[in-house]
Amino acid sequence: MLEEIIKNYLINTKGKDAALFDDPDLQMSALGLDSLDMVEMLFEIEDRCGFQLPDPTRYPKMGFAEMLADIEAAIRAHNNGEMPDLSLEAGQ
């Protein structure tokens with residue numbers, strides 16, 4: 001679910017080509033996001049999970065899959081190992 005939320009956000013809000021995400025080695029830097037784009041993307045996740053992600057400045061240097069794994073690990077750590085429902089309906 002987390003991957004789909006981020007992909008959909010980047011495709012629908014930032015106009016990124018969906019085909020980019022077919023590359024398993026996709027680097028965040030290849031997405032051409034500036035710092036404001038990154039902050040907005042992370043706000044989308046933080047709003048749904050109810051807490052601020054630690055040190056988001058490291059994400060632009062990561063691969064897409066690595067970033068997803070890192071965000072998921074932070075969410076699980078904040079929720080006693082559980083991955084909560086991050087759908088919009090659950091966050092409202």
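This is a selection-by-selection tour of a predicted model, running from the first helix to the loop after the third.

**Helix H1.** Select residues 2–12, which form helix H1. Its buried residues are Leu 2, Ile 5, Ile 6, Lys 7, Tyr 9 and Leu 10. Now add residues 35–49, helix H2, and residues 64–78, helix H3. Both H2 and H3 are among the elements that cover the buried residues of H1. Lys 7 is worth picking out by name, as it belongs to the buried set of H1.

**The loop between H1 and H2.** Next, select Asp 17, Asp 22, Asp 23 and Asp 25, which form a negative surface patch. Centre on Asp 25, which sits in the loop between H1 and H2. Is Asp 25 buried or exposed? Its relative accessible area is 59%, so it is exposed.

**Helix H2.** Moving on, show Leu 36, Val 39 and Phe 43 as a surface. Together, Leu 36, Val 39 and Phe 43 make a nonpolar patch of about 280 Å². Val 39 belongs to helix H2. With a relative accessible area of 36%, Val 39 is partly exposed. On the arrangement of such positions, a general point applies: an α-helix has 3.6 residues a turn, so residues three or four places apart point the same way.

**The loop between H2 and H3.** Two residues are of interest here. Start with Asp 55, located in the loop between H2 and H3. Check its backbone: phi is positive, about 45°, although Asp 55 is not a glycine. Asp 55 is partly exposed, at 44% relative accessibility.

Then select Met 62, also placed in the loop between H2 and H3. Met 62 has a relative accessibility of 8%; the cut-off for buried is under 20%, so Met 62 counts as buried. Which residues does Met 62 touch, leaving aside those up to four places away in sequence? The contacts are Gln 27, Met 28, Met 67 and Asp 70. To see how the chain returns to this spot, draw a C-alpha to C-alpha distance from Met 62 to Leu 26: the two are 36 residues apart in sequence and 9.1 Å apart in space.

**The loop between H3 and H4.** Finish at Asn 80, in the loop between H3 and helix H4, residues 88–91. Asn 80 has a phi near 55°, a positive value in a residue other than glycine. As for its surroundings, Asn 80 is exposed, with 75% relative accessibility.

Technical notes. Residues are numbered from 1 along each chain as its sequence is written. This is a predicted model: local features need pLDDT of at least 70, side-chain atom pairs count only at pLDDT 80 or more; totals for chains, interfaces and linings use all residues. Side-chain values use heavy atoms; hydrogens and water are left out. Patches are made of residues with over 30% relative accessible area and no salt bridge: like charges are joined within 9 Å, nonpolar side chains (Val, Leu, Ile, Met, Phe, Trp, Tyr) within 5 Å. Accessible areas come from the Shrake-Rupley method with a 1.4 Å probe; for residues, only the protein chains shown count as cover. A salt bridge is a side-chain nitrogen of Lys or Arg within 4 Å of a carboxyl oxygen of Asp or Glu. Lys and Arg count as positive and Asp and Glu as negative; His and the chain ends are not counted. The place of a charge is taken as NZ of Lys, CZ of Arg, CG of Asp or CD of Glu. Helices (H or I, at least four residues) and strands (E, at least two) are DSSP runs, numbered from the N terminus. Buried means under 20% relative accessible area, exposed over 50%, partly exposed in between (1.4 Å probe, protein chains only). Contact means heavy atoms within 4.5 Å.
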